[in-house]
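Work through the exercises below with the model open. Each one sets a task and then gives a stepwise solution.

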Amino acid sequence: MEDDERLRRAYLRVLAGEAEAEMRLEPGAAGSGGSSSMRYARMVRTLREMIANKGLPRNANERGFFVATAEARLQSGEKRGEKSGAESGDKSGEKSGAESGEEIGEESGEKSSTIAQKNESGKGDDNDESSSDGTQRGGFHSVCSLRGLVWKALLGLARPGAVRVSEYLALVGRGPSSDADKIAIDVVRTFNSNAEFISSAPPNALARVLNAYTHARGNAKGCYVQSMSLLLAPFMLSMPEADAYFAFSAFLETHAPRYVREQYAGVHDGFRLLEAALEQTDRELYVHLTDAHEMSPELYAFSIVSTLNVVVPPLQDTVKLWDIVIAFGAHWGGVLFTLARLVNSSALLRDDDARRATLGARAKPLFTRELEAGLNMSADAAIASAARLAQRLPADLRRAILLHPIVPLPPT
């Protein structure tokens with residue numbers, strides 16, 4: 001599409017221009033003025049503004065609001081991420097990457113060796129240039145897609161040395177984690193009918209990353225939760241395996257910590273906020289679901305909210321939603337895109353007779369599967385609709401939606 005091509009060219013200009021100095025050179029070595037950290041901040045802001053130009057409100061002041069709130073929301077999260085990265089580095093040094101032949105790392109042994117050799121020769125590190133056409137490439141190889149480079153920049157991973165392959169290999173070398181059995185069950189079900197995804201990220205690759213993540217966080221049983229295999233999928237489709245590990249870890253730490261901790265505390269807050277937003281934007285549908293059928297989002301929207309809309313196929317389209325999620329926050333994936341799908345299909349969801357003809361008689365007109373399938377709404381349409389609906393919400397509700405993936409809601 002024309003908009004996608006314009007955004008792609010914009011990405012390339014940034015990555016080839018201002019971003020080049022920051023992404024390819026050591027801090028302070030770039031020739032342009034200003035400190036390294038200031039140039040990096042400008043680059044990230046530029047990327048966010050370019051993404052805003054594609055799908056967010058066209059008014060410059062409104063786009064500025066989303067950019068500013070995203071930066072304010074992430075400020076404390078980025079500091080936590082730096083601390084977490086340092087801690088995981090200390091832990092990962094306890095064992096050598098040479099152990100990667102053990103159980104979960106058996107298949108990765110050869111690939112790990114290849115990646116390490118490429119890094120030593122300077123050809124396989126995280127700063128490799130993307131393909132000129134921006135095609136998506138995942139797996140355990142040296143090329144990061146254009147989208148992957150941009151996502152890494154937005155997550156603070158574009159600086160040299162941010163992706164530490166030896167650290168990742170050391171974690172892989174620890175073998176199965178305490179949650180390995182749960183991980184093994186989930187990875188074989190993750191987009192298992194998507195041939196492109198499976199070729200980029202087979203189940204054993206997903207398992208390596210998720211077990212490594214669990215080890216890095218202390219290997220306590222229950223560190224892994226079911227939605228993680230799906231949340232990892234966009235990263236595995238868009239970048240090499242080690243890059244995906246660090247991007248996935250940074251994303252959970254800075255964007256959505258409460259969606260994977262405290263028994264899905266952020267997800268449950270998201271349900272409350274989705275219901276409140278639906279009442280504000282489509283009162284008829286809200287009454288139909290809550291009063292006529294006593295249905296809450298926990299019943300019909302758990303998978304789509306908990307996975308930040310990743311569950312909606314095809315993944316190759318859904319990653320467009322994640323341009324917004326990574327640039328502006330997980331609240332877009334958890335609440336606003338789901339709200340857009342519900343409101344867009346309001347007439348169908350309120351027509352019980354039509355639904356019974358399609359689904360047969362049911363006590364409650366559940367539409368979980370249809371919602372998981374996206375309710376026939378493309379990513380581009382969901383972005384545009386969510387941006388319009390967000391502007392109709394009261395300021396206090398919009399702020400609560402913005403913060404809920406990282407900050408608990410006040411008691412009701």
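**Exercise 1. Locate L308 and decide whether its backbone and its burial call for comment.**

Step 1. L308 sits in the loop between helix 16 and helix 17.
Step 2. Its phi is near 55 degrees, which is a positive value in a residue other than glycine.
Step 3. The cut-off for buried is under 20% relative accessible area. L308 has a relative accessible area of 1%, so it is buried.

The model is predicted, and these values are computed from it.

**Exercise 2. Repeat the analysis for N309, then find the cis peptide bond in the loop that holds it.**

Step 1. N309 is also in the loop between helix 16 and helix 17.
Step 2. Although N309 is not a glycine, its phi is positive, at about 75 degrees.
Step 3. The relative accessibility of N309 is 0%, and therefore N309 counts as buried.
Step 4. The peptide bond from P313 to P314 is cis, with omega near -10 degrees.
Step 5. P314 is placed in the loop between helix 16 (302-306) and helix 17 (315-328).

**Exercise 3. Describe the second largest pocket: its volume, its lining and the elements that contribute.**

Step 1. The second largest pocket holds about 560 Å³ of space.
Step 2. Its lining comprises 21 residues, of which R189, L230, S303, T307 and V311 are the closest to the centre.
Step 3. Helix 11 (228-238), helix 16 and helix 21 (368-372) are the elements that give two or more residues to this lining.
Step 4. Helix 16 gives the most, with three residues.

**Exercise 4. Characterise the largest nonpolar core and follow the contacts of one of its central members.**

Step 1. The largest nonpolar core has 108 residues.
Step 2. F235, F251 and W322 are the residues with the most contacts inside this core.
Step 3. Take F251 and leave aside its neighbours within four places in sequence. F251 is then in contact with L155, F235, A256, L308, W322, V325, I326 and A330.
Step 4. Two of the core residues named in step 2, F235 and W322, are thus among the contacts of F251. The list also includes L308, the residue with positive phi from the first exercise.

**Exercise 5. Place A256 and identify what it touches across the chain.**

Step 1. A256 belongs to the loop between helix 12 (241-254) and helix 13 (265-281).
Step 2. With a relative accessible area of 1%, A256 is buried.
Step 3. Not counting residues up to four places away in sequence, A256 touches F251, A330, P405 and I406.
Step 4. A256 and P405 are 149 residues apart along the chain, yet their C-alpha atoms are separated by 4.8 Å.

**Exercise 6. Compare the computed lengths of helix 18 and helix 22 with expectation, and examine their burial.**

Step 1. Helix 18 (residues 330-344) has 15 residues and reaches 21 Å from its first C-alpha to its last, close to the 21 Å expected at 1.5 Å a residue.
Step 2. Helix 18 nevertheless bends by about 30 degrees at L336.
Step 3. Of the 15 residues of helix 18, 13 are buried, so the helix is largely enclosed by the rest of the structure.
Step 4. For helix 22 (residues 379-391), 13 residues at 1.5 Å a residue should span 18 Å, and the end C-alpha atoms are 19 Å apart, which agrees.
Step 5. The buried residues of helix 22 are A379, D380, A382, I383, S385, A386, A387, L389 and A390.

**Exercise 7. Assign H268 and E167 to their helices and to a class of accessibility.**

Step 1. H268 is placed in helix 13, and E167 is found in helix 7 (residues 165-172).
Step 2. Partly exposed covers the range between under 20% and over 50%. H268, at 33% relative accessibility, therefore counts as partly exposed.
Step 3. E167, at 7% relative accessibility, counts as buried.
Step 4. Leaving aside neighbours within four places in sequence, H268 is in contact with Q263 and E298.
Step 5. The C-alpha atoms of H268 and H404 are 9.7 Å apart, with the two positions 136 residues apart in sequence.
Step 6. E167 and A242 are 75 residues apart in sequence and 9.2 Å apart in space, C-alpha to C-alpha.

**Exercise 8. Summarise the chain as a whole.**

Step 1. The secondary structure comes to 23 helices and zero strands.
Step 2. Of the 412 residues of the protein chain, 55% count as buried.
Step 3. Among contacts with a separation of 6 or more, 77% are between residues 24 or more positions apart.

Note on methods:
Residues numbered from 1 in each chain as written. Predicted model: local features only at pLDDT ≥ 70, side-chain atom pairs only at ≥ 80, totals over all residues. Heavy atoms only, no water. Core = buried A, V, L, I, M, F, W, Y, C linked by side-chain atoms within 4.5 Å. Buried < 20%, exposed > 50% of the residue type's maximum accessible area, 1.4 Å probe, protein only. Contact = heavy atoms within 4.5 Å. Helix = DSSP H or I, 4+ residues; strand = E, 2+ residues; numbered from the N terminus. Expected span 1.5 Å × (residues − 1). Bend = angle between axes of the 7 residues up to and from the residue. 1 Å grid on protein atoms, 1.4 Å probe; cavity = no way out; pocket = protein on both sides within 12 Å on 5 of 7 lines; lining within 4 Å. Points joined across faces, edges and corners; volume = space filled by probe spheres on them.
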